[in-house]
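Here is a short report on a protein model, written for the bench. Please keep the sequence and the 3D view open while reading.

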Amino acid sequence: MKVLKASAGSGKTYSLTKEYLMLLFMSGSDTEYRHILAVTFTNKATDEMKVRILKELDKLAKNPAESDYYDDIVEHTAFKTEEKVGSFATGLLENILHDYSRFSVCTIDKFFQRTMRSFAREIGQSSSYQVELDGNSVVDAALDRIYASLGEPENAELLEILTYYAEDLVRDGMSWDFNVPLESVASTFLNEGFKIKASGNDIGGFDIRSVWRELDRIKGDFKSELRGIGSSFLDDLGRAGLIVSDLIRGSRSPFFYFSRIAAGFVEAPSGTLMELAGNPEGWAAKKSPKREDIECAASSMCHYITDADDLFKAKFGIYSSAVATGESLYALTLFSALRKEMQEVLREKDSILLSDTPDVLNRIIGDEDAPFIYEKIGVRFNHYMLDEFQDTSLLQWRNFKPLIRESLASGEEDLVVGDVKQSIYRWRGSDWSLLRDIGKQFGDLPVEVGGLRTNYRSAWAIVDFNNAFFDGRKVRLSAPRQLQDKFDLVFPSAGIGTGEITGMYSDSVQLKAPNNEDLEGHVLVEEVPLSEGKDYTLTEDLHAIGGKKALEYIKKLTESGYEYRDMALLSRSNAEVAELSKLLTDEGIPVFTEESLELGSSPAVQRVVSALRFLTDSESPLNIYLTKGRMFGNTDIKSMSLYNAVLSVIEAERNISENDVAFLNSFLDAVSDFIRSNSSDPVAFLAWWDEEGRSRKISSPSGCNAVSVMTVHKAKGLQYKVVIIPFFLFRCGIRKNHTIWCSPSLLSDQVPFNSIPVAPIKCSDALMGSIYSDDYRREILNTYIDSLNTAYVVCTRAVNELIIIAPRNSRDCCIANMLTGFLRDFGPDFDEKGIFEKGNWTHGKVDAEGASEAKESLQSTFTSVPIGERLKLTLRGGDFFGKGERMRGIIRHDIMSKINTAGDIGDALDYFVFQGELGPEDKEPVGNEITGLLDSVRERHWFDGTYDVRNEAEILSGDAVYRPDRVMVSKDGRNAVVVDYKFGDEKGGYLAQVRNYVELLKAMGYESVQGYLWYCPSGKIIMV
């Protein structure tokens, strides 16, 4: 396996394409592409790689010698002439284009989803399940269900615990509303860090009440001892006829420490107080009238200072561990209920969370041999190419590892490409240490590590600047060195991260590309002073100045020949992006942002949604106001499908601009997708639109002449002629309320920590000395690395111009301080002017082709044909009330499979109408028939929510799979009822079938199982 460590701009895509083509030509097979899997992390990177491969194959087919890869192919493969190379490339290209679905260049998520569908039966999903991208919306829906059910008897304990939580929040001076903190922690249940820690553990399996009691005892004992020391000190002082203000420094005496701890505050004695422990003479001021009394008392009271210090050294660690752990128990209490409700929400939507995919696959695959996986997905890959490997998560790697191990053991070649310096997605689960340690992953199997050191992207002034600032080896004031020194200073004996930051950047120095020798380029760093005496925070002040400075440089560069499309303003947060976008827009400068691609940002789409709201509720004053004076054609939303109603509204719009067309077409796609996964109900669609639909994005247009304003994370992998960083701060500290997942049971053998498998611990300096101190230090180190990597990525996007606006003398730990410190050593004029420059201002060149690109790519008119006029559906239920009695029974049976309670009848009917299995004219009579069936068994409580329902759930017994129509389980999980529907004639074999279901359920552990055979047409019910 080859491992390429590819720094920014070093020709990674070129190398990936080369390796792919070499594998094709070395195999000698014109179908070898079927056995190569190339994985990237974004759709854009996937498209770029596919296009690059196809273009090169086309070039090799037509004019082989003109390809940059021709010489390598001739040297290393059996194809030694242009004719042979061209002939083979022609065959490869034709085969790929005619067999495109087997051209396996895809995102990692797409590959996992493809694999997951092969295991649909194993995970209890239908093969048509949907992928839910927004995990937070599922968490919110689950929490809403939990809160709504708190009054039910089975949730009495949970209600009691949440009540305690609210009281705790009030006691701590916070709002009693526990929803916000719980929602924040609940969202972390989606994180990979939690899934890894929780793997194989029963999260709610310990006695939370007993743990609480023990934690309270630990905290109470420590505070009691500390209060005792404080109270005893004050008592002895009083017996000596003294008060604290009589002591050294009067009203600001360090001895007020004992008053605070006597009142219940928890704090360690200060350094000033500790100096007085062995110095009784220092307890009184020299001119104090009570000096003699104070010195007499001090000689016998010095021990109180050392008593407090000894108590902290001996017991504060376990006390702070108890405090941190106690705060997490509320979230753990919620976990079991939350997981159950989330599963129910997903089951109802027939969905699975995208973020769950790696974890679910990992639990299925485990350490299985690769042939097992190949068998399930129906294809065998010989070679694997993993791009952006530093962004791979541990669970994703565990799923790939058996496949790559099989490939290497078979003597095949694989490729991994990445750069630890560009790992900026740790919040999404990425683990850069996988790339660092990949050579240790496969034992004796061959792993060859190499690097791409030449920068083909940036002009030499930019390369030189980045080489100096990010050199982790020897430059005294380089960012990696400064950050490493700071960490080592704060944690001198941590044993964690020694040399880790500088080690990551030990290979950061790049060579200049030969073709860029004449491209000087320009770097400008302007240090801006922050206002003094104003009520500004650092961030607000920097924004006020940095934004205006960026505007000045944009105007200067446009005068130098650059177009807006050549420039990018990069920032760290979406809030900053919004701020910059508004500033530029107010100045009349066109702006391109990710948010500008959202459907909800389009005025045309907004008008259509307003019309849809009016048509569904024409009595609402707000809806009347929003649609005042507008006409909607002949739209009768009650008699039309949702799609056709929306289409009718769009066609009634009078002013549709070219810019509106792409948004309206994407909006129709969103409507179609919603109907496919849900129903044709406009009210439900509007609710979905408000929650998540409005955030859907259209495809990014290429070539539009606007300044790109985006976050660093969105800009990764991109390049611009001009990059401006208006807010170069990049704080290194951990943000407030940041949570890390820890394993108390692995960190301590003391009760009660040894019984808690995993806990969400809130980061603070109070964790130092606790059982979580190593995890906390590791998180600080990783946060430092995140900030440094973000700065590296943002500084390596530029081709010609890199402009940085940084604050002066920030007191925060941030990369800005390191930059200005570096430049004062690097640039002699920086102190006086506050400006550092390397190279000279460059001039832009107008790209005529680029200027017309956007115009050509836009669709200028909106055209669509209503669904009813596009095609004629052949309905499976077309003869529902005709002669097809068997088909009629099948459809009724299918409808029953979609019904949990009587309230689901309408949605079930809508689903089958939309699927074309039931005619619209049949909806009402079929609905009446189904309603009658459910009413006939009302006293049995089968359809009123009394039971938890599993429709057509699979039961595995040996090699056989059984699928009863309806299994109903009591709320306590002890008893079960199984019902099989029959819509045909009575047969004796049916009884044996239901009897078998009953025995299977009993074998599964249900205490009581009842079985029923229901002949629906006659209403006859037989108990088995």
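The text covers strands and sheets, then cysteines, then salt bridges.

## Strands and sheets

This is a predicted model. One open sheet has five strands, in the order β20-β23-β24-β25-β26. Its pairing is mixed. β20 (948-951) and β26 (1020-1023) are the edge strands, and each pairs on one side only. On average, neighbouring strands of this sheet are turned by 20° against each other, with direction ignored.

Inside that order, β24 sits beside β25. Strand β24 covers residues 975-982 and strand β25 covers residues 1008-1015. The two pair in the parallel sense, over eight bridges. To find the register, start at Lys 982: its bridge partner in β25 is Tyr 1015.

A second place to look is strand β15, residues 720-725. How many of its six residues are buried? Five are, and the strand is mostly covered. β15 pairs with strand β12 (residues 567-571), in parallel, through three bridges. There, Met 567 stands opposite Val 722 of β15. β15 also runs parallel to strand β18 (residues 798-807), and five bridges join these two. In this pairing, Ile 724 faces Ile 803 of β18 as its opposite residue.

One rule helps when viewing such strands. In a regular strand, side chains alternate between the two faces of the sheet.

## Cysteines

How many disulfides does a search of the whole structure find? The count is zero. Cys 813 shows how this comes about at one site. The nearest cysteine sulfur to it belongs to Cys 732 and is 3.9 Å away. A disulfide requires the two sulfur atoms to be within 2.5 Å, so this pair does not count. Cys 813 is partly exposed, because its relative accessibility is 21% and the buried class ends under 20%. Cys 106, at 11% relative accessibility, counts as buried.

## Salt bridges

The structure holds 47 salt bridges. Three of them are set out here, with the separation of the closest N and O atoms.

| Basic residue | Acidic residue | Closest N and O atoms |
|---|---|---|
| Lys 2 | Glu 19 | 3.3 Å |
| Arg 217 | Glu 214 | 2.6 Å |
| Lys 219 | Asp 216 | 3.6 Å |

Take Lys 2 and Glu 19. This pair links distant parts of the chain, 17 residues apart. Lys 2 lies in strand β1 (residues 2-6), and Glu 19 lies in helix α1 (residues 12-27). Are the two residues buried or partly exposed? Lys 2 is partly exposed, at 29% relative accessibility. Glu 19 is buried, with a relative accessible area of 14%.

The other two pairs belong to helix α10. Arg 217 and Glu 214 both lie in this helix, residues 208-239. They are three residues apart, about one turn of the helix. Asp 216 and Lys 219 also both lie in helix α10, three residues apart, about one turn. Arg 217 is partly exposed, with a relative accessible area of 40%. Asp 216 counts as partly exposed at 43%. Lys 219 is partly exposed too, with a relative accessible area of 21%.

Salt bridges can also join into groups. Which residues make up a network of salt bridges? Lys 12, Asp 387, Glu 388, Asp 391 and Lys 716 are linked in one.

How values were computed
Residues numbered from 1 in each chain as written. Predicted model: local features only at pLDDT ≥ 70, side-chain atom pairs only at ≥ 80, totals over all residues. Heavy atoms only, no water. Pairing = 2+ DSSP bridges. Helix = DSSP H or I, 4+ residues; strand = E, 2+ residues; numbered from the N terminus. Axes fitted to C-alpha atoms, helices over the stretch in contact; angles between N-to-C directions. Buried < 20%, exposed > 50% of the residue type's maximum accessible area, 1.4 Å probe, protein only. Salt bridge = Lys/Arg side-chain N within 4 Å of Asp/Glu carboxyl O.
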